Amino acid sequence: MLFLFSNNNFNKYAKEELEKILDENTKILCFSGANIRWQIDNREELLQNGNYYNEQYKPFEEFNVSKDHFYIVHPTDDIDIVRAKFKYADVILLSGGAMESLEILLKEFDLWNLIKIVDKHIIGVSAGALIQLDKYNITPYIDVDYDYYDTCTGLGLLKDVRLIVHYRHDYDKHREILQHVSAETAEEMFETNKDIMIVTLSDTEGIIVDEIEGKKTVLFKGEWYLWVFTLRLTRISRSGT
């Protein structure tokens, strides 16, 4: 199963689905989206009972996941140890921060391609949700690590979806970002002849993807914002063409 969340409070609104995969025996391996330099300089934060460690572990506490089964990878860890932990992990957690940090870590430990094919549950928060897509949008203001727009290649675990996390419908700046992403996505649809969904996630919403009998089933804990295909047809109609 794939889980894409905006915030670390996912245990409050996706409890029923998470109870299916989490218990006292579940092994979780976490890759941090925090700045790589910060991770290197603050190793104690990533160790058991460090402040950062406790923040990442907190949503799993009510599912009785043992801290002994919850490990955060450090950039200087031995590659063989990390790959062994990856092999035996039931859940891979991709935490929030910067997508580049997650990509650097996964490639550093030679897991970027492996994570695409292994049979594991993937939980992604914010940056960890975005990087699961085939393409993700970098957006200023919402993504505090960036001051520019860009489109980047992700893991491709979930395709033909463009995601905006931490979205607030009542923020003018957020609506501007949605308009920018919509325009870019509509152009891509014209070029590729594909239907692509844009989804906005508030901090209490998420996407859950389960594969049943070879077919992906999407359970959305929130509200689909729009079909870009519908938006495209509306624009054509208004132009009179």
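**View 1. D160 and K194 pair up in this predicted model.** D160 is partly exposed, since its relative accessible area of 25% sits between the buried and exposed cut-offs. Its partner K194 also counts as partly exposed, at 31% relative accessibility. The two side chains meet in a salt bridge, with 3.1 Å from N to O. Look at where they come from: K194 belongs to the loop between α8 and β9 (197–200), while D160 is in the loop between β7 and β8 (161–164), so this contact ties together parts 34 residues apart in sequence.

**View 2. Four charged residues share salt bridges.** Here D134, K135, R162 and E188 are joined into one network by salt bridges that have partners in common. Counting across the model gives 8 salt bridges.

**View 3. R43 reaches D77 from another part of the chain.** The closest N and O atoms of this salt bridge are 3.1 Å apart. R43 is in helix α3 (residues 43–46) and D77 is in the loop between β3 (70–72) and α5 (79–88), so we're looking at a link between distant parts of the chain, 34 residues apart. Buried or exposed: which is D77? With a relative accessible area of 11%, D77 is buried, because the cut-off for that label is under 20%. R43, on the other hand, counts as partly exposed at 32% relative accessibility.

**View 4. R37 and D41 make a salt bridge within one helix.** Both residues lie in helix α2 (residues 36–41), spaced 4 residues apart, or about one turn of the helix. Their closest N and O atoms are 3.0 Å apart. As for cover, D41 comes out partly exposed at 48% relative accessibility, and R37 gets that label too, with a relative accessible area of 49%. Neither value passes the 50% cut-off for exposed, which is why both stay in the partly exposed class.

**View 5. Acidic side chains gather in a negative surface patch.** Which residues form the negative surface patch? They are E100, D150, E184, E187 and E191. Helix α8 (residues 172–192) gives the most to the patch, supplying 3 residues. D150 comes from strand β7 (residues 150–153). Why can D150 be part of a surface patch? Patch members need over 30% relative accessible area and no salt bridge, and D150 clears the area cut-off because its value is 35%, which makes it partly exposed.

How values were computed: Residues numbered from 1 in each chain as written. Predicted model: local features only at pLDDT ≥ 70, side-chain atom pairs only at ≥ 80, totals over all residues. Heavy atoms only, no water. Patch = residues over 30% accessible without salt bridge, like charges linked within 9 Å, V, L, I, M, F, W, Y side chains within 5 Å. Areas by Shrake-Rupley, 256 points an atom, 1.4 Å probe, with all protein chains shown as cover. Lys, Arg positive; Asp, Glu negative; His and termini not counted. Charge placed at Lys NZ, Arg CZ, Asp CG, Glu CD. Helix = DSSP H or I, 4+ residues; strand = E, 2+ residues; numbered from the N terminus. Buried < 20%, exposed > 50% of the residue type's maximum accessible area, 1.4 Å probe, protein only.
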